[in-house]
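Open the model in your viewer and keep the selection tool at hand. The tour goes from one enclosed space to another and ends at the ligand.

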Amino acid sequence: MGNEKAEAIFPRIGRVAYLNCLPVFYALEQGWISIPGHVVAGHPAELNRALAEGELEITAVSSLAYAYHFEQCLILPDLSISSLGQVKSVALLSKLPVKELEGKYISLTPYSSTSVALLSILLKSFYGVKAHFFTRPAGVSLWWAKPGCKEPAAALAIGDEALLWVNKSQGLFVYDLGEEWHRFTGQPMVFALWVVKRSFAREYPEKVEVIWRGLVDSKKWGKEHLKELALQASRLSGLPFSLLLEYFHVLQHDLTPKYLEGLRTFYQYAYREGWLPTFPQIEIWQP
Ligand SMILES: C=C(O[C@@H]1C=C(C(=O)O)C=C[C@H]1O)C(=O)O
């Protein structure tokens, strides 16, 4: 990588390649709002890796990934992928009721960071269930079995894959992890944050401000046009318009003090259960 001049002029901006980012990016991608940067789409695990390896200046990342890298980046205000209760696109799909998953195999999505930790926290601290986890390879079915092992009893999915399965979940028990977290803690769940590299923010504060304002303005447009977003999302995914309209109503992209409190609580559990080497400082970039 590493043409620093080019990155300064045209920074690389990461976007989750799921419908969950449409409310933030639609107006930008239509060209109604423009930002001086190059948008790169990837699944969350890819964006988390790219941030860590210095391939992105500003990006959406798993909230757990920020906690790993808080010394190198700052949180952008007013942006997140969150829910207060049901989220619809982070789900455990199970052939058995969750309390019967003791000792069973659970397949984990390879695309996530936050939701894997969240599932583990919920099973351990909320349900008191110990299961065997394994991460399935990218691109295979939810029910892919490890060679020599039985088919998993349950599978964790995120993003569009989760929406698709939740929509055709006949015969499966569906546990929406946003809803389960809310039942457990009474708090919102922050799945993803937008972050900026500290070095880039230090050197190019005006550029960060223009990009951040563009993202926030685009999100504002999205929030005021949920029907248009649901129509576009339905065209892209083939999922029913009504499901997507409900989805964009429950999915939140703000980062209010209430959501920051939910984030802190998540970090407390994640730290306590060994998902984080140190307790992160929640540091927010100021325009
Ligand atoms: C709500 C969602 O939150 C996501 C979950 C993430 C994770 O588990 O690491 C990261 C980014 C978001 O895509 C979703 O996937 O739809």
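## A tour of the cavities and the ligand

Begin with helix α5 (114-127), which gives four residues to the lining of the second largest cavity, the most of any element. The model you are looking at is predicted.

**Stop 1: the second largest cavity.** Keep α5 selected and add α7 (177-185); each of these supplies at least two residues of this lining. Now select the full lining: Leu 92, Val 98, Leu 119, Leu 122, Leu 123, Tyr 127, Tyr 175, Leu 177 and Glu 180. The space they enclose is about 30 Å³. Colour the selection by class, and you should find eight nonpolar residues, one charged residue and no polar ones.

**Stop 2: the largest cavity.** How many cavities of 30 Å³ or more are there? The count is two, and the largest has a volume of about 190 Å³. To find its centre, select Asn 20, Pro 44, Ile 158, Phe 191 and Ala 192, the closest to that point among the 18 lining residues. Then show the elements that give two or more residues to the lining: β3 (58-62), α5 and β10 (189-197). Helix α5 therefore appears at both stops, since it is also listed for the second largest cavity.

Colour this lining by class as well. The largest cavity has 10 nonpolar and eight polar residues in its lining, with no charged residues.

**Stop 3: the two domains.** Give one colour to domain 1 (12-82 + 189-273) and another to domain 2 (90-185). Where does the largest cavity lie with respect to these domains? Both domains give residues to its lining, so the cavity lies between them.

**Stop 4: the ligand.** Select the ligand and show the residues around it. There are 18 of them, and the closest are Ser 62, Ser 89, Ser 112, Ser 113 and Ser 115.

Next, draw distances from the oxygen atoms of the ligand:

- To Asn 20, pick a polar side-chain atom; the distance is 2.9 Å.
- To Thr 114, pick a polar backbone atom; the distance is 3.0 Å.
- To Gly 159, pick a polar backbone atom again; the distance is 3.1 Å.

Finally, turn on the protein surface. How much of the ligand's accessible area does the protein cover? On its own the ligand has 380 Å² of accessible area, and the protein covers 100% of it.

Methods:
Residues are numbered from 1 along each chain as its sequence is written. This is a predicted model: local features need pLDDT of at least 70, side-chain atom pairs count only at pLDDT 80 or more; totals for chains, interfaces and linings use all residues. Side-chain values use heavy atoms; hydrogens and water are left out. On a 1 Å grid over the protein atoms alone, a cavity is a set of points where a 1.4 Å probe fits but cannot get out, and a pocket is an open set with protein on both sides within 12 Å along at least five of seven lines; lining residues have an atom within 4 Å of a point. Grid points are joined across faces, edges and corners, and a volume is the space filled by probe spheres set on the points. Ala, Val, Leu, Ile, Met, Phe, Trp, Tyr, Cys and Pro count as nonpolar, Asp, Glu, Lys and Arg as charged, and the others, Gly among them, as polar. Domain bounds come from an automatic or database domain assignment. A residue is near a molecule or strand if one of its heavy atoms lies within 4 Å of it. A polar contact is a pair of N or O atoms within 3.5 Å; within protein, one must be able to donate a hydrogen and the other to accept it, and residues adjacent in sequence count only if both atoms are side-chain atoms. Accessible areas come from the Shrake-Rupley method with a 1.4 Å probe; for residues, only the protein chains shown count as cover.
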